[in-house]
Amino acid sequence: MKKKTYEELVKESPVTYEMYANMEDDGNRYEISDGVLELMSPSPLFIHQFICHKMQVMLDGSCQNEFIILAAPLDVILSDTEVRQPDLVMVHLSRTHIISKRGIKGAPGLVAICPFRRIS
C-alpha cells in the first residue's frame, strides 16, 4: 500500500487506523476522532512536560506493582476510527494482552491529559 500524505487522507472519510498507521511521516502528530484525522498541536510547553513527568514518577512509585505506566507518544486504539494519544496511560498487569507493538488496543485502566497544552 502506498503511503498517503495528510492532505490525501483528510479527503477520505472515514480515516481508519490502518490508513493512519500507513501514512507518510511528516513530523506531525495526529489522532483520529470519529474517523476524522486531526492534527495535534505543536510540541507541549515546558510546564506541561514537567507536570507529566512528575505525574508519571508519582504513579510509577505507587502503582508499579499493579500497572504498566506509559508516556506519550503512544496510540490508544479504541476502535478502527478512534485513536488517541493521551499524555499518560496505565495498563493493569492482568490486561497486558491489550499492549501491541503499535500501541494499546482497547481501553486502558487510566489515561491522563496533563494541563498547560500549547494554545495557538
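## Briefing: a salt-bridge network and its surroundings

Glu 31 counts as buried here, because its relative accessible area of 14% falls under the 20% cut-off for that class. Please keep in mind that this is a predicted model. Glu 31 belongs to a network of salt bridges together with Glu 82 and Arg 84, and that network is a good place to start a tour of the chain.

**The salt bridges**
- How many salt bridges does a search of the whole structure find? The search finds two.
- In one of these pairs, the side chains of Arg 84 and Glu 31 meet with an N to O distance of 3.1 Å.
- This pair connects distant parts of the chain, since Arg 84 sits in strand E5 (residues 82-84) and Glu 31 in strand E1, 53 residues apart.
- Arg 84 also forms a salt bridge with Glu 82, where the closest N and O atoms are 3.0 Å apart.
- As general background, side chains of opposite charge can pair when their charged atoms come close.
- Is Arg 84 buried or partly exposed? Arg 84 is partly exposed, because its relative accessible area is 26%, and the buried class needs a value under 20%.

**The overall fold**
- The chain holds three helices and eight strands.
- Following the sequence from start to end, you meet them in the pattern α-α-β-β-α-β-β-β-β-β-β.
- The C-alpha trace spans about 45 × 35 × 20 Å along its principal axes.
- The chain has 120 residues, and 32% of them count as buried.
- Among contacts with a separation of 6 or more, 51% come from residues 24 or more positions apart.

**Surface and charge**
- About 7500 Å² of the chain is exposed, with 57% of that supplied by carbon and sulfur atoms.
- The chain carries 13 positive and 16 negative charges, and the mean positions of the two sets are 3 Å apart.
- Which residues form the negative surface patch? They are Glu 7, Glu 24, Asp 25 and Asp 26.
- Within this patch, Asp 26 lies in the loop that runs between helix H2 (17-21) and strand E1 (30-33).
- Asp 26 is partly exposed, at a relative accessible area of 38%.
- A nonpolar surface patch is made up of Leu 45, Phe 46, Ile 47 and Phe 50, which together have about 390 Å² of accessible area.
- You will find Leu 45 in the loop between strand E2 (36-39) and helix H3 (46-63).
- Leu 45 has a relative accessibility of 33% and so counts as partly exposed.

**Backbone features to look at**
- For background, most residues other than glycine have a negative phi, and most peptide bonds are trans.
- Where is the cis peptide bond? This bond joins Ala 72 and Pro 73, with omega at about 0°.
- Pro 73 is located in the loop between strand E3 (67-71) and strand E4 (75-79).
- Asp 34 has a positive phi of about 50°, although it is not a glycine.
- Asp 34 has its place in the loop between E1 and E2.
- Is Asp 34 buried or exposed? Asp 34 is exposed, because its relative accessible area of 62% is over the 50% cut-off.

Methods:
Residues numbered from 1 in each chain as written. Predicted model: local features only at pLDDT ≥ 70, side-chain atom pairs only at ≥ 80, totals over all residues. Heavy atoms only, no water. Patch = residues over 30% accessible without salt bridge, like charges linked within 9 Å, V, L, I, M, F, W, Y side chains within 5 Å. Areas by Shrake-Rupley, 256 points an atom, 1.4 Å probe, with all protein chains shown as cover. Salt bridge = Lys/Arg side-chain N within 4 Å of Asp/Glu carboxyl O. Lys, Arg positive; Asp, Glu negative; His and termini not counted. Charge placed at Lys NZ, Arg CZ, Asp CG, Glu CD. Helix = DSSP H or I, 4+ residues; strand = E, 2+ residues; numbered from the N terminus. Buried < 20%, exposed > 50% of the residue type's maximum accessible area, 1.4 Å probe, protein only. Contact = heavy atoms within 4.5 Å.
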